[in-house]
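Please open the model in your viewer, with the backbone drawn as a cartoon and side chains ready to be switched on. The tour below moves from one selection to the next.

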Amino acid sequence: MIRLTEKVIDVYVVGGQSNAMGNSGGVEPSGVYRQPNPNAYMVGREDFYDVEVDSFTLMDYDANPDSFVGHLFGAEPQIALNYGINPVYFVKVTRGGSNLYDDWSSGSFLRNKMIETINYAKSHFKENNIKVRYIWYWNQWEASGGANVIDYKRDYDGLIAEILDSTGIDFSEHLIFKVNPNSSSYGATDRVTLQAQFQSIVDYKGKLIIGDDLGFHDGIHYLPDAYNEIGSRIYNSVNP
């Protein structure tokens with residue numbers, strides 16, 4: 001049973017592509033990261049693999065192999081561990097390789113699914129009398145439209161505005177994962193994304209999550225240890 005609490009609990013709303021998803025190249029986590037966390041719950045969808053969890057589910061790697069192995073776990077297990085015995089929730093919608101302009105535009109499946117999933121979570125918390133703090137975390141690299149800063153910033157602002165308007169929530173924290181120039185795929189379009197991200201951090205009074213010093217398993221995606229480090233950086237950024 002999901003634990004009720006009088007405290008304000010954190011709800012991470014996670015969107016983006018394969019590094020938001022947690023593409024570890026089939027390398028599985030070990031030790032405590034495989035064990036159930038009785039204080040952490042997740043709802044959401046990884047669209048590339050057609051994997052969905054439509055109600056809050058206990059985060060338990062081994063108990064949910066079809067749903068979670070390599071699909072819905074990335075930085076989340078480490079974030080949850082950092083909360084200790086305090087409950088934490090994740091609302092997560094991702095698709096590997098998704099483009100902001102094409103795949104997250106108004107009326108798109110991913111944007112609608114994100115709004116639908118947030119509204120489910122909002123109703124759940126209201127029904128269970130749970131006070132929450134919503135934290136936005138965006139991890140997506142590919143530039144939009146004509147690959148200029150104005151296009152990406154316009155599309156990102158549109159995504160945020162529609163999510164807030166359609167759900168009636170506010171984000172207490174706004175986090176964006178910085179495009180990593182060490183990636184073998186980093187190019188002109190990624191520089192566009194990075195400039196737009198810098199602008200968004202200023203506009204939303206947000207924070208950049210940096211992963212430039214972490215290694216890849218394929219030049220693009222991280223190994224479990226790196227996702228765990230990213231999780232700690234996310235946690236520390238909102239719990240200084």
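In this predicted model, begin by selecting α7 together with its surroundings: the cover over the buried residues of α7 includes α6 (149-167), β6 (171-177) and β7 (207-209). The residues being covered are Asp190, Val192, Thr193, Leu194, Ala196, Gln197, Ser200 and Ile201, which are the buried residues of α7. If you now pick the two end C-alpha atoms of α7 (residues 188-203), you will find them 23 Å apart, in agreement with the 22 Å that 16 residues should span at 1.5 Å a residue. Moving past the end of the helix, stop at Lys205, which follows α7 and has a positive phi, near 50°.

Stay with α7 for one residue more and select Gln199, which lies in this helix. Is Gln199 buried, partly exposed or exposed? With a relative accessible area of 37%, Gln199 counts as partly exposed, because this value falls between the 20% limit for buried and the 50% limit for exposed. Once residues up to four places away in sequence are set aside, Gln199 touches Val149 and Lys153. For a sense of scale, draw a distance from the C-alpha of Gln199 to that of Val132: the two residues are 67 apart along the chain, and the separation is 27 Å.

Next, show α6 and α7 as a pair. Two packed helices are described by the angle between their axes and the distance between the axes. For α6 and α7, the angle is about 45° and the axes are 8 Å apart, which means that α6 is oblique to α7. The crossing of these two helices, α6 and α7, is right-handed. To see the contact itself, switch on the side chains of Val149, Tyr152, Lys153 and Tyr156 on the α6 side, and those of Val192, Thr193, Gln195, Ala196, Gln199, Ser200 and Asp203 on the α7 side. Coloured by character, the residues in this contact of α6 with α7 divide into 5 nonpolar, 4 polar and 2 charged.

Now hide α7 and keep α6 in view. This helix has 19 residues and reaches 27 Å from its first C-alpha to its last, close to the 27 Å expected at 1.5 Å a residue. Its buried residues are Val149, Asp151, Tyr152, Lys153, Asp155, Tyr156, Leu159, Ile160, Ile163 and Thr167. Which elements cover the buried residues of α6? They include α4 (100-103), α5, β5, β6 and α7, so that each of these can be switched on in turn around α6, where cover is judged by heavy atoms within 4.5 Å.

From that list, take α5 as the next selection. The axes of α5 and α6 come within 10 Å and cross at roughly 35°, and the crossing of α5 and α6 is right-handed. Here the contact is made by Arg111, Met114, Ile115, Ile118, Asn119 and Lys122 of α5, facing Asp155, Gly158, Leu159, Glu162, Ile163, Ser166 and Thr167 of α6. The residues of this contact of α5 with α6 divide into 5 nonpolar, 4 polar and 4 charged.

Follow α5 along its own length before leaving it. The end C-alpha atoms of its 19 residues are 27 Å apart, which agrees with the 27 Å that they should span at 1.5 Å a residue. Buried in α5 are Leu110, Arg111, Lys113, Met114, Ile115, Thr117, Ile118, Ala121, His124 and Phe125.

Just after α5 comes Asn129, with a positive phi of about 60°. Most residues other than glycine have a negative phi. Asn129 is found in the loop between α5 (109-127) and β5 (131-139), and at 64% relative accessibility Asn129 counts as exposed. Select Asp50 for another such case: this residue has a positive phi of about 55° although it is not a glycine. Asp50 is found in the loop between β2 (37-46) and β3 (51-59), and is exposed, with a relative accessible area of 55%.

For the last stop, select Ser232, which is found in helix α8 (residues 224-238). Ser232 is buried, with a relative accessible area of 17%. Leaving aside its neighbours within four places in sequence, Ser232 is in contact with Gln78 and Asn82. A final distance, from the C-alpha of Ser232 to that of Gly145, gives 33 Å for two residues that are 87 apart in sequence.

Conventions: Residues are numbered from 1 along each chain as its sequence is written. This is a predicted model: local features need pLDDT of at least 70, side-chain atom pairs count only at pLDDT 80 or more; totals for chains, interfaces and linings use all residues. Side-chain values use heavy atoms; hydrogens and water are left out. Helices (H or I, at least four residues) and strands (E, at least two) are DSSP runs, numbered from the N terminus. Buried means under 20% relative accessible area, exposed over 50%, partly exposed in between (1.4 Å probe, protein chains only). The expected span of a helix is 1.5 Å times one less than its number of residues. Axes are lines fitted to C-alpha atoms, for helices over the stretch in contact, and angles run from 0 to 180 degrees between N-to-C directions. Angles under 35 degrees count as roughly parallel, over 145 as roughly antiparallel, 65 to 115 as roughly perpendicular and the rest as oblique. A crossing is left-handed if the near helix is turned anticlockwise from the far one by less than a right angle, and right-handed if clockwise. Ala, Val, Leu, Ile, Met, Phe, Trp, Tyr, Cys and Pro count as nonpolar, Asp, Glu, Lys and Arg as charged, and the others, Gly among them, as polar.
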